[in-house]
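Work through the exercises below with the sequence and the model side by side. Try each task before you read its solution.

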Amino acid sequence: MSALSYIFAGAFVAATILLVFGLARKIVQYARTPAPLKIPTTPAPTTTSGVVVRMASEVVLFNSLFKSNKWIWIFGWMFHFSLLLAFFRHLRYIVPPESFLWPLVSMQIVQAAGKYAGLAMLIGLAGLFVRRIVVDRVRYISSPSDYLMLILIFSIAATGVLMSFYARDVDIVQLKAFALGLLYFDWQPLPESGLLITHLALVLILMVIFPISKLLHAPGVFFSPTRNQVDNPREKRHLAPWAAKLEEGNG
Amino acid sequence: MADFETPEIKEYPVIPHIKLGVMSHSKPFLSKEEFQEPLGYPGELVDDWQEKAYAKMEELLGKYRSFRVYLDSCVKCGACTDKCHYYLGTEDANNMPVARQDLLRRVYRRKFTFAGKYFPKLVGAVDLTKEVLEEWYSYFHQCSQCRRCSVYCPYGIDTAEISMAAREIMDSIGMGQKYCNEIIGKVFKIGNNLGLPEPALADTLEGLEEEVEDDTGVPVKFPLDQKGADILLVTPSADFFAEPHVDGLIGYAKVFHQAGLSWTLSSHASEAANFGMFIGSYENMRRISVRIREAAEELGVKRIVFGECGHAWRVAYSFLNTLAGPFDFLDPNYPVPQHICEVTYDLIQRGVIKFDKSENDHMTLTYHDSCNVARASRMGDEPGGQFRIPREIIKACCNNFVDMPSDTIGEATFCCGGGGGLLTDDLMEIRVKGALPRMQALKHVVENHGVTHMAAICAICKSQFTKVIPYYGFTMDQIVSVHQLVSEAIILDGADTDDDGDSGDEE
């Protein structure tokens, strides 16, 4: 096994640890921070099931963004939905053939959708990038990291698309062995492909920066009080622990 | 009269190109020690203000999930950039909601995130310098906390939460805003924002009783501190004398009278407004709210009803139960608190009060949804009742009603330009410019649908509009209270007929 294989195997383990613990730390932090006041953006659902529907419409359809701006919505939604499809396609590398999931993962439709989603992802990301440069308002609020993030994900998608459509010489059987080897701590060699190595290196970077960047919007949206609170302040008293302490002294 | 230009109302609303720093000179008067101290804040900028500010920020990060999550979550997508009335009216880049948030987010990143500590340039992180603090003071007082941006944000990021936190941090290091803090002091000392003491209030109410009786022949009462009354009415103190607010107060009194409801005002809680929210201070907001509970207990009422006021209704509807509850000593058959519109609407539904709509025939009305009522509260049992109920009331007492364009009302409503603690003469420029989107929408219905008057449901909106609409070529009497319309049209038992009143009944 080559040194490069060891480096990538080690890097994947390290990056996974950083990603999982980094995200867990932020999620615990969000969950533990009280929301002392009822601040749903109204009109808001008056029941918990209503909140689930509202949150689902935000996460799945980007409802608020749709209200705001159709261009950002179409590019943003195209990118995120393609990301989901690409994720499903990639499951084939870590789902063993004997798993109950395999028939689903290996379906022609899942694999084809994931493949063409790569193209849609490039269009979505390019649209967002152009918007960031062309619209003076968005250019003003952009930091170098905002451009770099788009370039990073674009590059990941581009190398992926190149492997799927053009340079179809990556040994995916060997790649799957490498991936499953990571899961079982039985390390296997990485197929030798410049595109693959670039693709994976960029993914490693993405994993590491996820918990320390604006990608925290992914867990953040679920903790957003304006979106996840039930509109029932008159019916049910809402009191944060630190606010309750204020009442002890001078009721 | 002003050293700035009133923005021009274009044929169609346009999204302006950004300009840099054109409103950086706009700053409210600094608070002084005499106004800071009663609220528990230092009287002037403390020596180690930077460290104290960081410490306060850390404290708030631990106390408010909204603050923490919103500072992390923004992806700079741009969805909010054209949604703020202050941006549309001033074209200043820092009045884009995300840019306003970033004034604080940059400091948060520098101090509290890995990327900002080690790669500040990459993520646009900066230290809290004196210049940054001055920018905070300027631009966090160009936010009316109206939450329009939060409607459009894919993560629901609410700039109001950030601007409240920024003001709380600034207060804690001795950089408070005079207008808000002086007023809160008056509430603590005298009982209301205007500093109207009990005898003056009693006098005013007596005068109103005489006026209404002269006008209608009906002895409509305005009770004060009446123990054993069923309803405690808490209303913004502007309702006691400002125009058109007072006509709304007369409307509430006529509704209570005609429905035979027993009610009272309180001199202890003679103010519905709660500026504690504007400065982001839970403690001050709570202290102001507790007065209402105390008044309700002392007077032995069964219900609490709030008059027309936007942010007051937010604090009342969304926070009162939290801040001063539980209200289990009140009649459980009624929500606590109720909005006067909920009371009036219910009485209309049950046929208890009736109207002669022709009394309002000289007007064609439109209705301004107040930001805090629209996006931070509710009326009635159904989501969106805050839009429907006031309109149903207006339609019940007026024949001519036209809504403004749909992207300027309801949850998309534009702030009047004077909310969030900006209703002060030292901020006249931002107030006038911030009114532009609403003025644009008003002009549209005036020109295309013959609208003559705009009804409002908030004391701040009413004061702001009467002051700024002359800049846009309208007249101040075109702003009316919702309950002013009720007052004009309600049929009171035993009232003089129109013939007796002759021509003397037009204000």
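Six exercises follow, each with a worked solution.

This is a predicted model: local features need pLDDT of at least 70, side-chain atom pairs count only at pLDDT 80 or more, and totals for chains, interfaces and linings use all residues. Residues are numbered from 1 along each chain as its sequence is written, chains are lettered from A and ligands numbered from 1 in the order in which they are written, and side-chain values use heavy atoms, with hydrogens and water left out.

**Exercise 1. Describe the make-up of chain A.**

Step 1: take the secondary structure. Helices (H or I, at least four residues) and strands (E, at least two) are DSSP runs, numbered from the N terminus. Chain A has 13 helices and 0 strands.

Step 2: take the extent. The C-alpha trace of chain A spans about 70 × 45 × 40 Å along its principal axes.

Step 3: take burial. Buried means under 20% relative accessible area, exposed over 50%, and partly exposed in between (1.4 Å probe, protein chains only). Of the 251 residues of chain A, 49% count as buried.

Step 4: take the contacts. Contact means heavy atoms within 4.5 Å. Among contacts in chain A with a separation of 6 or more, 71% come from residues 24 or more positions apart.

**Exercise 2. Place His217(A) and list what it touches.**

Step 1: find its element. His217(A) lies in helix H11 (residues 217-220) of chain A.

Step 2: check exposure. His217(A) is buried, at a relative accessible area of 14%.

Step 3: list the partners, leaving aside neighbours within four places in sequence. His217(A) contacts His80(A), and also Ser73(B), Val75(B) and Tyr155(B).

**Exercise 3. Work out the order and edges of the sheet that holds E1 of chain B.**

Step 1: set the pairing rule. Two strands pair if DSSP finds at least two bridges between them.

Step 2: read the order. The open sheet has 4 strands, E2-E1-E3-E4 (chain B), with parallel pairing.

Step 3: find the edges. Strand E2 (263-264) and strand E4 (338-339) of chain B each have a single partner strand, so one side of each lacks a neighbour in the sheet.

Step 4: look at one pair. Strand E3 (residues 303-306) of chain B joins E4(B) through 2 bridges, in the parallel sense. Val305(B) is opposite Gln338(B) in E4(B).

Step 5: add the helix. Helix H14 (residues 282-299) of chain B packs on this sheet and touches strand E1 (231-234), E2 and E3 of chain B. Its direction makes about 150° with that of E1(B). Axes are lines fitted to C-alpha atoms, for helices over the stretch in contact, and angles run from 0 to 180 degrees between N-to-C directions.

**Exercise 4. Do the analysis for the sheet E5-E6-E7 of chain B.**

Step 1: read the order. This open sheet of 3 strands runs E5-E6-E7 (chain B), with parallel pairing.

Step 2: find the edges. Strand E5 (365-367) and strand E7 (479-481) of chain B have a single partner strand each, so each has one side without a neighbour in the sheet. The twist averages 40° from one strand to the next.

Step 3: count bridges. E5(B) pairs with E6(B) over 3 bridges, with Leu365(B) opposite His453(B). Strand E6 (residues 453-456) of chain B is joined to E7(B) by 3 bridges, with Ala455(B) opposite Val480(B).

Step 4: check the faces. In a regular strand the side chains alternate between the two faces of the sheet. On E6(B), His453(B) and Ala455(B) on one side and Met454(B) and Ala456(B) on the other are all buried, and both faces are covered.

**Exercise 5. Classify the packing of H18(B) against H22(B).**

Step 1: take the geometry. The axes of helix H18 (residues 385-397) of chain B and helix H22 (residues 482-489) of chain B come within 9 Å and cross at roughly 25°.

Step 2: apply the classes. Angles under 35 degrees count as roughly parallel, over 145 as roughly antiparallel, 65 to 115 as roughly perpendicular and the rest as oblique. H18(B) is therefore roughly parallel to H22(B).

Step 3: list the contact residues. H18(B) supplies Ile393(B), Ile394(B) and Cys397(B), while H22(B) supplies Val482(B), Leu485(B), Val486(B) and Ala489(B).

**Exercise 6. Count the disulfides over all chains.**

Step 1: apply the cut-off. A disulfide is a pair of cysteine sulfur atoms within 2.5 Å. The count is 0 over all chains.

Step 2: check Cys143(B). Its nearest cysteine sulfur, that of Cys149(B), is 6.7 Å away. Cys143(B) is buried, with a relative accessible area of 7%.

Step 3: check Cys309(B). The nearest cysteine sulfur to Cys309(B) is that of Cys458(B), 4.9 Å away. Cys309(B) is buried, with a relative accessible area of 1%.
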